[in-house]
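Student: Hey, I've got a new protein open on my screen and I'm a bit lost. Can you walk me through it?

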Amino acid sequence: MVGNLGVSEQRGPLSSAGLRRFWVGAGAALLAAALIGSAAPRVAAGEETGGVHQVLGGGKTIIEGGTGAPAYIPVTTVLAFHANGQSGAFECLALAPTTASGAPESGAFEVNAMYVTGKVSSVHVSGGTAVLKGTAVVIGLGAGPSQDFTFTVKAGGSGITATLVISGMTFHEILLEGQVTIH
């Protein structure tokens with residue numbers, strides 16, 4: 001016996017009182033972290049933000065309605081972009097099937113229908129949407145050496161929408177794979 005308490009009755013750092021103090025302290029620390037995190041500025045839907053923005057993303061999309069009437073040939077794109085402040089880059093490669101729609105090979109997207117490679121000159125962020133504007137070289141459909149473009153995209157993953165306006169054409173796209181981040 002040590003003092004008046006038996007060895008099995010001694011209070012150490014892992015006693016019930018010690019564990020209780022630990023969990024109360026841990027809970028207080030988690031609560032403090034949650035309060036600090038909730039105080040960080042957030043961008044609500046429709047709210048305009050100030051300062052420098054970073055927008056980046058990439059992935060695979062499908063053009064809504066493909067080529068449109070009368071053929072409705074499906075078109076997929078591979079795109080990648082980044083913009084920080086007032087500069088950045090934009091890449092989009094549109095691919096069409098090697099054969100007519102409905103043929104067994106129509107799912108092989110190997111024909112380069114359009115390639116857009118450009119520099120971003122401005123970024124506007126409002127809520128979870130970014131609008132990138134710039135000038136691009138376009139090869140294939142809508143070809144030209146200095147084409148103005150506007151790319152509007154929402155933050156998120158598969159299922160988000162994007163719109164590219166270039167060479168007098170508008171392409172509505174749905175992200176199938178990839179991610180878009182807006183800060």
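Tutor: Sure! Going along the sequence, the pattern reads α-β-β-β-β-β-β-β-β. Keep in mind that this is a predicted model.

Student: How many helices and strands does the protein have, then?

Tutor: One helix and eight strands.

Student: OK, and how do the strands pair up? Start with strand 5 and strand 6: which sense do they pair in?

Tutor: Antiparallel. Strand 5 covers residues 129-140, strand 6 covers residues 144-154, and nine bridges link the two. To see one of those bridges, find Gly134, whose partner in strand 6 is Phe149.

Student: What happens at the turn in that hairpin?

Tutor: There are three residues between strand 5 and strand 6, and Gly142 in that hairpin has a positive phi near 75°.

Student: And going on from strand 6, how many bridges does it make with strand 7?

Tutor: Five, again in the antiparallel sense, with strand 7 at residues 161-166. Phe151 is a good one to click on: its bridge partner in strand 7 is Leu164. The hairpin here has six residues between the strands, and Gly156 takes a positive phi near 140°.

Student: What about strand 7 and strand 8?

Tutor: They run antiparallel too, joined by six bridges. Thr163, for instance, has His172 in strand 8 as its bridge partner. Two residues sit between the strands in this hairpin, and Ser167 shows a positive phi near 50°.

Student: So which strand does strand 1 pair with?

Tutor: Strand 8! Strand 1 and strand 8 pair antiparallel over nine bridges. One bridge to look for in strand 8 is from Val55 to Ile182.

Student: Let's stay on Val55. Buried or exposed?

Tutor: Val55 has a relative accessible area of 0%, so it counts as buried. You'll find Val55 in strand 1, which spans residues 54-63.

Student: What does Val55 touch, apart from residues up to four places away in sequence?

Tutor: Quite a list: Phe81, His82, Ala83, Val123, Val125, Ala130, Leu132, Thr181 and Ile182. Take His82: along the chain it is 27 residues from Val55, yet their C-alpha atoms are separated by 5.5 Å.

Student: Neat. Is there another residue I could try that on?

Tutor: Try Leu175, which is in strand 8. Leu175 counts as buried because its relative accessibility is 5%, and the cut-off for buried is under 20%.

Student: Which residues is Leu175 in contact with, leaving out neighbours within four places?

Tutor: Gly58, Gly59, Lys60, Thr61, Gly156, Gly157, Ser158, Gly159, Ile160 and Val180. Gly159 is 16 residues away along the chain, and its C-alpha atom is 5.2 Å from that of Leu175.

Student: New topic. How do people find empty space in a structure?

Tutor: Rolling a probe the size of a water molecule over the atoms shows where empty space is left.

Student: OK, so how many cavities of 30 Å³ or more does this structure hold?

Tutor: One. About 40 Å³ of space lies in that largest cavity.

Student: Which residues line the largest cavity?

Tutor: Thr61, Leu79, Phe81, Phe151, Val153, Ile160, Ala162, Ile174, Leu175 and Val180. The elements giving two or more residues to that lining are strand 2 (76-84), strand 6 and strand 8. Strand 8 has the largest share, with three residues.

Student: I spot Leu175 in there again. How does the lining of the largest cavity divide into nonpolar, polar and charged?

Tutor: Nine nonpolar, one polar and no charged.

Student: And how much space lies in the largest pocket?

Tutor: About 290 Å³. There are 19 residues lining the largest pocket, and the closest to its centre are Ile63, Gly66, Val75, Leu141 and Phe171. Two or more lining residues come from each of strand 3 (87-97), strand 4 (109-126) and strand 8 (169-182).

Student: Which strand gives the most to the pocket lining?

Tutor: Strand 8, with four residues. By type, the pocket lining has 12 nonpolar, five polar and two charged residues.

Student: Last one: what share of the whole protein counts as buried?

Tutor: 31% of its 183 residues. The accessible surface comes to about 10,700 Å², and 62% of that belongs to carbon and sulfur atoms.

Note on methods. Residues numbered from 1 in each chain as written. Predicted model: local features only at pLDDT ≥ 70, side-chain atom pairs only at ≥ 80, totals over all residues. Heavy atoms only, no water. 1 Å grid on protein atoms, 1.4 Å probe; cavity = no way out; pocket = protein on both sides within 12 Å on 5 of 7 lines; lining within 4 Å. Points joined across faces, edges and corners; volume = space filled by probe spheres on them. Nonpolar A, V, L, I, M, F, W, Y, C, P; charged D, E, K, R; others polar. Pairing = 2+ DSSP bridges. Buried < 20%, exposed > 50% of the residue type's maximum accessible area, 1.4 Å probe, protein only. Areas by Shrake-Rupley, 256 points an atom, 1.4 Å probe, with all protein chains shown as cover. Contact = heavy atoms within 4.5 Å.
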